[in-house]
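Grab a pencil and work through a few short exercises on the structure shown below. Try each task before you read its solution.

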Amino acid sequence: MLNKSNIYYETLHAGYGQYFEVEQVLFEQKTAQWHLSIFENANFGRVMALNGAIQTTEKDEFVYHEMMTHVPILAHGKAKKVLIIGGGDGGMLRQVLKHQSIEQVTMVEIDANVVEMCKTYFPQHSQGAFEDARVNLVIDDGMHFIEHCQQQFDVIISDCTDPVGPGEVLFSSAFYENCTRCLTDNGIFVAQNGVAFMQPEELQDTVRRMSPYVKDCWFYNAAVPTYIGGTMAFAWATNDVSAREHDLTTLKQRFEQANISTRYYTPALHMASFALPAFVESAVKNAQCVTACSTK
């Protein structure tokens, strides 16, 4: 939280965190549910923080957004329709739209004001993406939308906050069940799943809640500087068990055909991202074992 000496202290983890020197506060809003701050920092540019947790920065947003979009889209290989749940800053949308093969993107954001605010304070995130003719912006609660959705998508991206407060439902069994129902036969679901070293229980909860609905529930990871405590984990769920096993030649061909520019993603990194540290792999497999035993 912002103190009188113009220092913003992140309070996501008890007893451990990071701080940002605040050059200028651009926007601040407090309600009964949230405390939102947008400020300038010399190293990371504009920073958005919600309830004591860093949400996004101008400097390193590309890592998170590239890995959440290009990995599932290029792994799928023939994606035409994409659903983004959350992502009001437009960074995810911008990266998805780099793929000219994508014909339709549905983006569900709970608050229209979030979109407008991010257009104002984080224009480099979206870079005009909301004006693309392929985009259908739906203002709705993500859980409500997916419960009633009758469409199917090749890729579903859940760009949600941490599983506390209003964001908790987007980590529930019911949410995962409805997302998998809305996937095409070879569709892929991905979601941010926290920093594995600091939040291993989040990964295990996802395995227990998602595994009953797909043949392959796993994780991949990336190093996002402002999401501290180690590498960030991304949930991966699909019935296409071969989707995360493509060789480097295939991924290179798809990447070249897509003709997109990236700053973090590469085909080689795509492959490597599914190799989990031993402690993460152990936590995931333990949860898989418990889930398998409980269903027998």
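What follows is a set of tasks, each with a worked solution.

Before you start: this is a predicted model, where local features need pLDDT of at least 70, side-chain atom pairs count only at pLDDT 80 or more, and totals for chains, interfaces and linings use all residues. Residues are numbered from 1 along each chain as its sequence is written, and side-chain values use heavy atoms, with hydrogens and water left out.

**Exercise 1.** Work out whether L36 is buried or exposed, and find what it touches.

Step 1: Locate L36 in strand 4 (residues 35-41); strands here are DSSP runs of E with at least two residues, helices are runs of H or I with at least four, and both are numbered from the N terminus.

Step 2: Check the accessibility. L36 comes out at 8%, so it counts as buried (buried is under 20% relative accessible area, exposed over 50%, partly exposed in between, with a 1.4 Å probe and protein chains only).

Step 3: List the contacts, meaning heavy atoms within 4.5 Å. Leaving out residues up to four places away in sequence, L36 touches F27, E28, Q29, M48, A49, L50 and M117.

Step 4: Take one of these partners, A49: its C-alpha is 5.9 Å from that of L36, although they sit 13 residues apart in sequence.

**Exercise 2.** Find the strands that pair with strand 11.

Step 1: Start with strand 11 itself, residues 183-195. Since 10 of its 13 residues are buried, the rest of the structure largely encloses it.

Step 2: Look for pairing, which takes at least two DSSP bridges between two strands. Strand 10 (residues 153-159) runs parallel to strand 11, with 5 bridges, while strand 13 (residues 232-238) runs antiparallel to it, with 6 bridges.

Step 3: Follow F189 across. Its bridge partner is I156 on the strand 10 side and A237 in strand 13.

**Exercise 3.** Describe the aromatic pair F197 and F279.

Step 1: Count the pairs. The structure holds 16 aromatic pairs (rings of Phe, Tyr and Trp, the last by its six-membered ring, with centres within 6.5 Å; planes under 30 degrees apart are stacked, over 60 edge-to-face, the rest tilted).

Step 2: Read the geometry. F197 and F279 are edge-to-face, 5.9 Å centre to centre, with 90° between the planes.

Step 3: Place the rings. F197 is in the loop between strand 11 and helix 7 (200-210) and F279 in helix 10 (residues 278-294), so the pair ties together parts 82 residues apart in sequence.

Step 4: Compare with accessibility. F197, at 57%, counts as exposed, and F279, at 45%, as partly exposed.
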